[in-house]
Amino acid sequence: MSKVVRGDGAYLHTADGRRVIDAISSWWVVTHGHCHPAIVRAIQEQAGKLNQIIFAGYTHDPAEDVAARILRLAPRGLDYVFFSDSGSASVEVAIKMALGYWHHNRKDRTRIVVMQHSYHGDTIGAMSVGARGVFNAAYGPLLFDVASIPFPAKGRERETLNALASICQSERPAAFIVEPLILGAGGMLMYPPWVLREMKRVCEVYDVLFIADEIMTGWGRTGSMFACEQANVTPDVVCYSKGITGGALPLAVTLCRAEIFEAHYSTDRTRTFFHSSSYTANPLACAAAKANLELWEDPETRRRLISVVAMQEKALEPFRTDARFENVRRTGTVTALDLKVNDAGYLAGVGPKLQSFFKDRNLLLRPLGNTIYVMPPYCVTAADIDEIYAGIREAADACGGLCGSKA
Ligand SMILES: *Cc1c(COP(=O)(O)O)cnc(C)c1O
């Protein structure tokens, strides 16, 4: 374990005096850098005014402001914002909205369609719609059954689309949930916007609700504000979290179309959308989110994003011809590459070795098995990027013997 005493920009400072480059944005949440002054200031100011208030029958400016700004940024056609306090909770909310919608419309539709290798969180419902594996084997008996379509691997996209159409037709599911363009924890697997667009079209044909989990892909990661923009898709329900506060405080939102809201909005209390957590729309978290949203209105943020995309592509280039790696890939600001091993996958023996190598090298990188990925905060410099990829090259040198695949 390393004790971290301070974060600033792309760096973490440890108790024993080391400076570590945060190449994975502290699990994908830190977008503008650690302790961004505007976000810190917003939290400090809010802390002296109102820390917490029940968000039922009462409201406050930071929440209203954040909701209005998010609706302006989100794909057109999303009309309502529901607050919660983690990505997993926002997914539970999305699933409940979908089932509630059909229930209140007196349709018996409860089945959920998911994509192979997906990750949607660690609560029971979120695990149920995610891939089954070592993460959740112990809880298998509690997870509900879902229908699954294959990941749209390059050249096999039609299989995915056909599988989705076939399930939608035969099983009349309530909803399809998917991570747009990048499947994160499942191994940074990437697919192109046209597949996202086509999956949405299939759902429209069969009147199946389309839930986009943009918890990781949101806030610029894929090169656009939200991944769905690149496919010109408006989901029926979408989840945003992680970078929503710039990575300073936990917060999440689930957005939905008016029809879904209206299915629940009634004086008939049996139709109420029953979901609340104690810290729903916490004012401090909302103040941080508001500061984050203001940063996104600054053209400088967009310029930085474009430059991170370019720096990432340039740094990745030499690895495309490095025989020790395969599946060298990038979507927006996120790069990933698989170190060739005999036991590929999340439990690949090389995983822990890489992790400790990077730790000694003062780089925060946490490979997913033999998949190394880089997802930096947008304040990262060209020198930081050089340092990160030099570390990856050295790791391949050091671990090449271990995995028996040194070219
Ligand atoms: C991180 C993540 C979640 C879960 O969010 P938590 O805040 O950790 O509960 C869900 N879906 C995706 C795609 C994620 O990356």
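**Notebook: pockets and ligand shell**

I looked first at the largest pocket and noted that strand E4 gives the most to its lining, with four residues. I keep in mind that this is a predicted model, in which local features need pLDDT of at least 70 and side-chain atom pairs count only at pLDDT 80 or more, while totals for chains, interfaces and linings use all residues. Residues are numbered from 1 along each chain as its sequence is written, and side-chain values use heavy atoms, with hydrogens and water left out.

**Largest pocket**

I wrote down how a pocket is found: on a 1 Å grid over the protein atoms alone, it is an open set of points where a 1.4 Å probe fits, with protein on both sides within 12 Å along at least five of seven lines, and lining residues have an atom within 4 Å of a point. The volume of the largest pocket is about 900 Å³, where a volume is the space filled by probe spheres set on the points, which are joined across faces, edges and corners. I found 28 residues in its lining, and Phe55, Phe82, Phe261, Phe273 and His275 lie nearest its centre. Two or more residues each come from helix H3 (61-73), strand E4 (80-84) and helix H9 (258-264); helices (H or I, at least four residues) and strands (E, at least two) are DSSP runs numbered from the N terminus. By class, I noted 17 nonpolar, 10 polar and one charged residue in this lining.

**Second largest pocket**

For the second largest pocket I noted a volume of about 660 Å³. Its lining has 25 residues, and His117, Gly186, Gly187, Leu189 and Thr371 are the closest to its centre. Where does this pocket lie with respect to domain 1 and domain 2? Domain 1 (4-30 + 299-402) and domain 2 (39-296) both give residues to the lining, so the pocket lies between them.

**Ligand**

I then listed the residues near the ligand (a heavy atom within 4 Å of it), and among them are Trp28, Tyr119, His120, Glu179 and Lys242. Which atoms of Gly87 and Ser88 approach the ligand? A backbone N or O atom of Gly87 lies 2.8 Å from a ligand oxygen, and a polar side-chain atom of Ser88 lies 2.6 Å from an oxygen atom of the ligand. For Asp213, I noted that a side-chain N or O atom is 2.7 Å from a nitrogen atom of the ligand.

Terms used
Polar contact = N/O pair within 3.5 Å; in protein donor to acceptor, adjacent residues only side chain to side chain. Nonpolar A, V, L, I, M, F, W, Y, C, P; charged D, E, K, R; others polar. Domains from an automatic or database assignment.
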